[in-house]
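Visitor: I should like to go through this model and ask, for each term applied to it, what justifies the term.

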Amino acid sequence: MSELGNYRPLTYFQLMEISLRELLVEKGVVSEPQIEATVEDMRSRGPERGARVVARAWTDPGYKRRLLADGTAACEELGLDVPALRLIVMENTPEVHNVIVCTLCSCYPRMLLGLPPDWYKSRNYRSRVVREPRAVLAEFGTAIPDHVAIRVHDSTADMRYMVLPMRPAGTEGWNEERLAALVTRDSMIGVALPKAP
Amino acid sequence: MALEARFRPGDRVRVMNAYPLGHVRTPCYIRGHTGVVERLCGSFANPEELAQMRSGLPARPLYRVRFLQAEVWHDYRGRPDDAVEIEIFQHWLEKA
Amino acid sequence: MGGLPAGPVEPSEHEYAEWERRVDALMVLLSGIKGPQKLLTVDELRKNIEALGPEAYDRMSYYERWVTSITQTMLQRGVITTEELARKMREVEERGA
């Protein structure tokens with residue numbers, strides 16, 4: 001598996017990755033096709049999958065109830081495969097805004113939304129959002145009004161979290177596809193609001 | 001066979017104020033603090049034991065506990081009802 | 001590290017390199033999220049990352065920490081030996097990957 005493009009010498013860690021992988025393949029623990037398939041599988045998972053869940057919840061009150069009761073089952077109901085995911089969906093309301101973090105490492109609903117952004121895994125986000133969420137959200141350009149409470153959810157164990165943002169005003173009669181296009185990854189983490197129509 | 005759940009939603013619980021060695025998923029910032037059980041998530045294998053290549057069984061109850069931010073941080077800037085909600089294993093909790 | 005003083009959040013994201021995606025895939029396959037093997041737990045991986053200590057932790061990138069941790073866990077589990085790893089790393093380096 002050589003990289004295309006300009007030659008760059010391997011870093012110590014890239015050397016470790018190649019060596020570990022080749023040893024495990026030689027021992028029959030994993031195979032190269034399996035690794036490639038897993039890479040492609042992860043690449044295929046992205047925020048648009050979560051956006052579909054949100055758009056359905058915005059248009060179907062029964063689905064929204066089921067989503068809040070059992071996030072994983074509700075994803076599977078839409079045909080989204082989410083292996084090993086135990087999802088809890090937190091609903092934003094006019095009184096409460098939710099935001100997700102993993103202060104201990106980088107837990108994220110990756111099987112639904114794909115790989116998390118670097119900043120979510122950063123020391124600064126993980127240290128500060130649990131202690132000063134309003135200031136951190138302001139750095140993302142998100143102002144939470146004084147009358148709205150903020151709840152920070154720290155994924156410390158087996159559950160994973162996603163925010164169900166509020167449906168933007170001015171979207172009456174929109175179909176799910178149009179609504180899903182307003183739902184950003186950052187609004188499902190809780191550091192941003194969905195796009196305006 | 002899982003251990004029996006000792007707490008219910010609405011119970012006030014305090015997080016044990018201990019700092020043992022090993023892999024622990026109870027964040028340092030919440031140890032010694034008191035909150036309210038928001039829900040029982042289910043029973044799961046103990047990550048402290050799984051980290052040491054042991055089974056982590058029997059599974060034990062995992063709770064989501066809600067803490068008021070103003071009580072957790074002495075310098076918290078926000079609303080008095082702002083909260084942080086954390087999953088904590090039963091063996092780290094005592095009735096408050 | 002929740003609550004410790006830290007700087008502003010830089011909304012940085014980078015396009016993951018292929019080697020990083022392969023490290024991620026190894027984690028998924030070895031921990032049994034996908035595929036038939038369950039040779040380690042994410043708990044062991046997390047413990048081994050914590051064991052790096054704060055200086056190494058900050059010096060290394062996210063997937064550098066993960067590849068180190070996965071390798072360390074495979075050594076602890078006896079799936080590979082240090083000698084095998086040393087020989088393989090020399091071999092890879094000499095052939096220029």
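Visitor: Why is strand β4 (residues 160–164) of chain A described as largely enclosed by the rest of the structure?

Guide: The model is a predicted one. A residue counts as buried if 20 or more other C-beta atoms lie within 10 Å of its own. Five of the five residues of β4 of chain A are buried, so the strand is largely enclosed. Residues on both of its sides are included: A:Arg160, A:Met162 and A:Leu164 point one way, A:Tyr161 and A:Val163 point the other way, and all are buried.

Visitor: What makes β4(A) and strand β1 (residues 87–91) of chain A a pair?

Guide: Pairing requires at least two bridges between two strands. β1(A) and β4(A) are joined by five bridges, in the parallel sense, so the criterion of at least two is met. One of the matched positions is A:Ile88, whose bridge partner in β4(A) is A:Tyr161.

Visitor: How do you know that β2(A) is mostly covered?

Guide: The count of buried residues shows it: five of the six residues of β2(A) are buried. This strand also pairs with β3(A), in the parallel sense and over six bridges. A:Val101 stands opposite A:Asp154 of β3(A).

Visitor: Which residues touch the most other members of the largest nonpolar core?

Guide: They are A:Val54, A:Leu87, A:Val99, A:Val101, A:Leu112 and B:Ile88, in a core of 63 residues. Helix α3 (residues 47–59) of chain A gives the most to this core, namely six residues. Apart from it lies another core, of 24 residues, including A:Leu20, A:Leu24, A:Val39 and C:Leu40.

Visitor: What are the contacts of A:Leu112 beyond its neighbours within four places in sequence?

Guide: A contact needs C-beta atoms within 7 Å. With those neighbours left aside, A:Leu112 is in contact with A:Arg49, A:Gly50, A:Cys75, A:Leu80, A:Val82, A:Leu85, A:Leu87 and A:Met162.

Visitor: What makes β3(A) and strand β4 (residues 83–89) of chain B a pair across two chains?

Guide: Four bridges join these two strands, which run parallel; at least two are required, so they pair. A:His153 has B:Glu85 as its bridge partner in β4(B). The contact between the chains takes 16 residues from chain A and 18 residues from chain B. On the side of chain A, strand β3 (residues 149–154) gives the most, with six residues.

Visitor: Which strands are called the edges of the open sheet, and why?

Guide: The sheet has seven strands in the order β2(A)-β3(A)-β4(B)-β3(B)-β2(B)-β1(B)-β5(B), with mixed pairing. Its edge strands are β2 (96–101) of chain A and β5 (93–95) of chain B, each of which pairs on one side only. An antiparallel pair is found in chain B, where three bridges join β1 (residues 12–15) to β2 (residues 34–44). There B:Val13 stands opposite B:Gly35.

Visitor: What makes up the side of chain A that touches chain C, by residue class?

Guide: It has 22 nonpolar, nine polar and 12 charged residues. In this contact, 43 residues of chain A meet 45 residues of chain C. Helix α1(A) gives the most to the chain A side, with 11 residues.

Visitor: Where are the domain bounds of chain A placed?

Guide: The domain assignment gives domain 1 (12–43) and domain 2 (47–189). Their centres, taken over C-alpha atoms, are separated by 32 Å.

Methods
Residues numbered from 1 in each chain as written. Chains lettered and ligands numbered in written order. Predicted model: local features only at pLDDT ≥ 70, side-chain atom pairs only at ≥ 80, totals over all residues. Core = buried A, V, L, I, M, F, W, Y, C linked by C-beta atoms within 7 Å. Buried ≥ 20, exposed ≤ 12 C-beta atoms within 10 Å, placed from the backbone. Contact = placed C-beta atoms within 7 Å. Domains from an automatic or database assignment. Nonpolar A, V, L, I, M, F, W, Y, C, P; charged D, E, K, R; others polar.
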